[in-house]
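Hi there,

I'm passing a structure on to you, with some notes to read alongside it. Have a look at it first, and then follow along below.

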Amino acid sequence: METNMIIPVNGLADGRNRFHRHAGKEFFVDFENSEIIDADIDVRIDVEKVRRDRVDVDCHMGGSVTVTCDRCLGNLVLPVNADAVLSLHLGSVGETEDGTYEEDGREIVNLPAADTDYDMAQIVYDYVCLSLPIQRFHPEGECDPEVAGRIGRTSAEIQGERTDNPFAALKGLFPDKETNEN
């Protein structure tokens, strides 16, 4: 499976053509995305030449990404299931009669007639990122127990539990200010 997301648009045979690509960790590193730690996404791109100046693209992205859990900061694997439905217009404006930039539920992308290839990388990146939830955390009980036990507690409470506190021996060395003033 190829890792580049370039598909040919000019010189495409009539009918449906299918391309398989893969988006892994390196794909997201190239976009300088610090949120996605790892990825294993299969990208299936179905391309159909409708007319000389129009190519329809159906892209399905499925797999998983690894991100940081918002609760415990551990690694969290999330499923990805996203679809992009495009209509590539070669050398035409692409605006429909009613002024919208969609036709048949497809997002219109205008390309110069001279373009021979279309890079789907930005589309794949955008749709994968948009498919992720805003809040990302493990199901209840699956977070790191050491970190989860500290959630909602103050640092003083946590510090008070420590038995290896190096400053514990200094406690009581100096009298409180209130006792000296009286």
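A good place to begin is strand S2 (residues 15–24), which pairs with strand S3 (residues 38–51) in the antiparallel sense over 10 bridges. Please keep in mind that this is a predicted model. If you want a spot to find that pairing by eye, look for histidine 22, which stands opposite aspartate 42 in S3.

S3 has another partner too: 13 bridges join S3 to strand S4 (residues 54–68), and these two strands run antiparallel. Here you can look for aspartate 46, which has aspartate 58 of S4 standing opposite. To get from S3 to S4, the chain passes through a hairpin of 2 residues.

Next, the helix H2, which spans residues 121–131. Which of its residues are buried? They are Ala121, Ile123, Val124, Tyr125 and Val128. The elements that cover these buried residues include the strands S3 and S4 you have just met, along with helix H1 (25–30), strand S5 (75–90) and strand S8 (117–119).

Finally, turn to the surface. Phe167, Leu170, Leu173 and Phe174 make a nonpolar patch there of about 510 Å². One of them, leucine 170, sits in the loop between helix H4 (155–161) and helix H5 (177–181). Is leucine 170 buried, exposed or partly exposed? Its relative accessibility is 47%, so leucine 170 counts as partly exposed; the exposed class begins over 50%.

Enjoy exploring, and write back with any questions!

Best wishes

Conventions. Residues numbered from 1 in each chain as written. Predicted model: local features only at pLDDT ≥ 70, side-chain atom pairs only at ≥ 80, totals over all residues. Heavy atoms only, no water. Pairing = 2+ DSSP bridges. Helix = DSSP H or I, 4+ residues; strand = E, 2+ residues; numbered from the N terminus. Buried < 20%, exposed > 50% of the residue type's maximum accessible area, 1.4 Å probe, protein only. Contact = heavy atoms within 4.5 Å. Patch = residues over 30% accessible without salt bridge, like charges linked within 9 Å, V, L, I, M, F, W, Y side chains within 5 Å. Areas by Shrake-Rupley, 256 points an atom, 1.4 Å probe, with all protein chains shown as cover. Salt bridge = Lys/Arg side-chain N within 4 Å of Asp/Glu carboxyl O.
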